[in-house]
Amino acid sequence: MHLHPHPSPAPSSQVQNRHVGHTPEMFRDRFLVCLLLTLPVLYASQEVRDLLGLPPWEGAAWIPLILGTLIYLYGGGVFLQGALRELGGRRPGMMTLVALGITVAYAYSLAVELGLKGQPFWWELATLVDVMLLGHFLEMKAILGAGEALRALARLMPQTAHRLRDGRIEDVPTSALQEGDLILIRPGEQVPADGVVVEGATSMNEAFLTGESRPVAKGVGDEVLAGALNGEGAIQVRVTRTGTATTLGQVMRLVEEAQASRSRFQDLGDRAAGWLFYLAVLGGSATFLLWLGADASLSFALERAVTVVVIACPHALGLAIPLVVVNATAMAAQRGILIRNREAFERATGLRYVALDKTGTLTEGRFEMRGVYAEGLQEEEALALAAALEAFSEHPLAEAIREHAKAHLSPEVPLPSPTGVQAVPGKGVEGYLGGQLYRVGRPEWAEELGLPLSPTLAQALRDVATRGESAVALMNATRLLALFALRDRPRPSAREAIKRLKAMGLTPVMVTGDAEEVAKTLAAELGIALYHARVLPQDKARIVRELKSQGPTTFVGDGINDAPALLEADLGVAIGAGTHVAMESADVVLVKNDPLDVVRLLHLAQATRRKMLQNLLWATGYNILALPLAAGVAYPLGLLLPPALAALFMSLSTVAVALNALLLRRAHLSA
């Protein structure tokens, strides 16, 4: 696999997020401080005292001005900064709407304090800031993601390499390696740079990068990839690519590009706030001009316009989405589904394709025995001989043979004790059983030794290859005795998960770096019509882009090679057995390694979206009545919306939003 360096995108290309640089603690601290400052402001308000039947205010008249200014600058500052970012991106949303409301309320109230005729809006300003700070705190506390995918990738690279010079081994930093250097890679170590084997033989686990579930044999002339885990043999490698030019380095580049270019749409709350922003600006301006045109006084026209703008920013809107997200996130966590991205619930609705990685997602990434083919001896005897030798191997296929023997051999067939056992790097294990030499390893080993293959076993080997399974051969000094067919074990719930996804109207697509035969066999077994085999990391992201062009797409994966695709997808889901890199690249993490949790996630997302829409209707519904009245439409009839009544509408709307969010916990999640 060859990738070529490509410049990373400039940081300026990254889409701005309205929570850049924010933490839950920041919103919590500002909320608590502003809440304490709000209490005197509320008590000083004539409207609030009349509404609650409180005794007269005995404090100084300038206290609301001082406290209101502190609340505006300290509590509202975060919204003012956010508004600048949103307006800079030409996408006004929640921050812009809140900033408009509190700025208009503050400016008008300050003007009233300086002599303009009218009623100040100090308490409306204070409560609006408080509610919005609380909403953002709840939202960020529920979902706190950390974008560490690139740092996690970098941690995979070994820090030290064994460089060979003049017959000596010297340990040098990986960053000091250059093209052409000769390095030694010992058993169990990770490869520090891409290169070609010049001496020795081994097998390597490249599943983290290629998705190939089987360890890959490496000999002289074969390419090795940085980050791969060396198996049983020590090898010498000539370095061909280092640093960012390595295959792993290019995967890091793909992840960085995907992070920069990923389209992050605004959530429901931001979109509703965007519309209300335009409504507030247009409504306030129209109200001011119409009243001036109707020969009303400047102070009256200004008061009506300000009232429209302030009321257009409903308090309940700040809690409409966060309260639902808090409840939905808690429900998901109870089911082993961790929500890492605040937009995940919206991204999980309206999907068309569910692309799933094979190894570690639909399968367990562990091998199981599919069949034993013996010639000239009983299957149990062949299994016992192989398991006895494989007891000295750490190879994943050897582990599968041992597990199968332990589970299926009867007590009357004890495992013999071999002698003179030794590993043959890149080939298998050999040793003596009952004084006779036996070997267990790759079928190609028998061919290299010139051992004959019976027609029965030759046909079995062809069948195993057709199904894409791994074959392990048992042989003695003169002939091949048996073949063991092994495959990557499907997850128990994978078939049911695919069935339920299809029942929801979604199209499952399997994407894997494994061979065509492996992918075809598993796809048929699970009922998946569309699949892509032998897919490289950069190709996974490309396939996801192609699917996205036809409809919203989610990608479910677990490996480092899945990180670019997880970021590219509309919704990235990392299954819990996956690597830290995959989890950091995903919007959602499934803790229990269960594909059915994908179905549960989608059902919860649908219920959550319904509650979000309902809450937005509750949060903004009173505006339909309040805004025209605030503008003075009914003034000729003697009706003018007083601030106290507007406050009552806002309070009832907030209560309705909170109660409706709690009802989400009654949602039934099938699967």
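This report walks through some aromatic contacts and a nonpolar surface patch in a predicted model.

## Aromatic pairs

Let's start with the rings. The count of aromatic pairs here comes to six. One of them joins Tyr72 and Tyr106, and this pair is stacked, with 4.5 Å from centre to centre and 0 degrees between the planes. It brings together distant parts of the chain: Tyr72 sits in helix α3 (residues 63-75) and Tyr106 in helix α5 (residues 94-113), 34 residues apart.

Are these two rings buried or exposed? Tyr72 has a relative accessibility of 10%, so it counts as buried. Tyr106 comes in at 15%, and it counts as buried because the cut-off is under 20%. There's a third partner to look for as well: ring pairs tie Tyr72, Tyr106 and Trp122 into a cluster.

## A charge over a ring

Which residue lies over the face of Tyr74? That's Arg30, at 5.0 Å from the centre of the ring.

## A leucine patch on the surface

Now for the outside. Leu51, Leu52 and Leu54 make a nonpolar surface patch of about 280 Å². Leu52, one of its members, belongs to helix α2, which covers residues 46-52.

How does Leu52 rate, buried or exposed? Its relative accessible area is 58%, and since anything over 50% counts as exposed, Leu52 falls in that class. Set that beside the stacked tyrosines: Leu52 is exposed, whereas Tyr72 and Tyr106 are both buried.

Note on methods
Residues are numbered from 1 along each chain as its sequence is written. This is a predicted model: local features need pLDDT of at least 70, side-chain atom pairs count only at pLDDT 80 or more; totals for chains, interfaces and linings use all residues. Side-chain values use heavy atoms; hydrogens and water are left out. Patches are made of residues with over 30% relative accessible area and no salt bridge: like charges are joined within 9 Å, nonpolar side chains (Val, Leu, Ile, Met, Phe, Trp, Tyr) within 5 Å. Accessible areas come from the Shrake-Rupley method with a 1.4 Å probe; for residues, only the protein chains shown count as cover. A salt bridge is a side-chain nitrogen of Lys or Arg within 4 Å of a carboxyl oxygen of Asp or Glu. Helices (H or I, at least four residues) and strands (E, at least two) are DSSP runs, numbered from the N terminus. Buried means under 20% relative accessible area, exposed over 50%, partly exposed in between (1.4 Å probe, protein chains only). Rings of Phe, Tyr and Trp (its six-membered ring) pair if their centres lie within 6.5 Å; planes under 30 degrees apart count as stacked, over 60 as edge-to-face and the rest as tilted. A charge sits over a ring if NZ of Lys or CZ of Arg is within 6 Å of the ring centre and within 35 degrees of the ring normal.
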